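Q: Please take a close look at one part of this model. I would then like to see how that part sits in the rest of the chain.

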Amino acid sequence: MLEVDAINTYYGKSHILHDVSFEADNDEVVALLGRNGVGKTTTMKSIIGLTPPRTGTVRFEDEVISGNSASEIANRGIGYVPQDRGMFPDLTVEENLTMGLGTATRDQSILDQIYERFPRVEERLQQKAGTLSGGEQQMVAMARALMRDPKLVLMDEPTEGLMPSLIPEIADITEEIADSGYTIVIVEQNVDLVMDIADRVYLMDNGRIHEQATPAELRENEAILEKYLGVGI
């Protein structure tokens with residue numbers, strides 16, 4: 001479904017991503033792991049078109065999408081949950097969700113599924129997004145990404161910055177989404193969550209992918225995680 005082929009992405013003259021390549025198959029959950037600042041978020045932004053790669057290609061369903069605008073890429077069937085949640089704080093929750101539709105028309109059956117998955121979001125539809133807790137804003141960001149029933153969901157640090165008491169709830173929702181048939185590429189520091197939901201893991205450092213492994217392989221070789229994350233399992 002997704003093929004990232006030797007992309008190189010820059011911020012001005014700063015070379016951030018160096019020949020990054022990986023792929024995600026249908027119904028697969030792929031995780032990008034690494035310390036802060038190694039290029040994981042830039043990789044996600046390169047896929048969605050916010051920081052287009054200068055060289056290399058991104059293919060979605062065998063068609064090249066690198067070079068297209070973020071809105072064009074989203075319209076092809078890619079949802080994006082940004083690291084900063086991307087709330088419009090002065091708009092209501094409902095208006096924030098509508099932003100996820102783009103030019104698509106509202107599908108009540110999809111909306112019903114979203115409300116079933118995120119009942120707290122439905123309860124706060126008329127509340128301004130800026131007044132929500134961090135966990136509630138994360139739920140809105142995740143719900144917004146699903147508004148067009150995408151084929152692929154990019155999730156950038158869904159549990160980052162949350163109160164410890166909220167992390168299990170967001171982790172459970174993330175796992176439920178992964179079990180619902182979506183193809184997911186996730187960046188996440190919560191190693192336990194990644195081990196529970198990922199089919200494959202790519203380990204990044206200094207703007208490059210250095211290792212590929214399954215969660216089972218990582219459990220058998222904790223030295224890899226200690227090398228690239230500084231933690232064990």
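What follows should start from Gln138 in helix 6 and work outward.

A: This is a predicted model, in which local features need pLDDT of at least 70 and side-chain atom pairs count only at pLDDT 80 or more, while totals for chains, interfaces and linings use all residues. Residues are numbered from 1 along each chain as its sequence is written, and side-chain values use heavy atoms, without hydrogens or water.

Gln138 belongs to helix 6. Helices (H or I, at least four residues) and strands (E, at least two) are DSSP runs numbered from the N terminus. The relative accessibility of Gln138 is 0%, so it counts as buried; buried means under 20% relative accessible area, exposed over 50%, and partly exposed in between, with a 1.4 Å probe and protein chains only. Setting aside residues up to four places away in sequence, Gln138 touches Val81, Arg85, Glu157, Pro158 and Ile170. Contact here means heavy atoms within 4.5 Å.

One of these partners, Arg85, has a positive phi of about 75 degrees although it is not a glycine. Arg85 sits in the loop between strand 6 (78–81) and helix 3 (93–99). Its relative accessibility is 13%, so Arg85 counts as buried.

Helix 6 also matters for the count of nonpolar residues. A nonpolar core is a set of buried Ala, Val, Leu, Ile, Met, Phe, Trp, Tyr and Cys residues joined through side-chain atoms within 4.5 Å. The largest such core has 51 residues, and Leu97, Phe118 and Ile184 have the most contacts inside it. Helix 6 (residues 134–145) gives the largest share of this core, 6 residues. Apart from this core lies another, of 26 residues, including Val4, Ala24, Ile48 and Phe60. Beyond its neighbours within four places in sequence, Ile184 is in contact with Glu28, Val29, Val30, Leu152, Val153, Met155, Ile177 and Ala178.

Two other loop positions can be set beside Arg85. Glu61 also is not a glycine and has a positive phi, of about 50 degrees. Glu61 is found in the loop between strand 4 (55–60) and strand 5 (63–64). Glu61 is partly exposed, with a relative accessible area of 36%. Gly49 lies in the loop between helix 1 (40–48) and strand 4, and is buried at a relative accessible area of 15%. Outside its neighbours within four places in sequence, Gly49 is in contact with Asn68, Ala70 and Ile73. Gly49 and Asn68 are 19 residues apart in sequence, with 6.6 Å between their C-alpha atoms.

Now the whole chain. The protein has 10 helices and 10 strands, and its C-alpha trace spans about 45 × 40 × 30 Å along the principal axes. The radius of gyration is 17 Å, which agrees with the value near 17 Å for a compact globule of 233 residues; it is taken over C-alpha atoms, and the globule rule is 2.2 Å times the number of residues to the power 0.38. Buried residues make up 50% of the 233. Of contacts between residues at least 6 apart in sequence, 68% join residues at least 24 apart.
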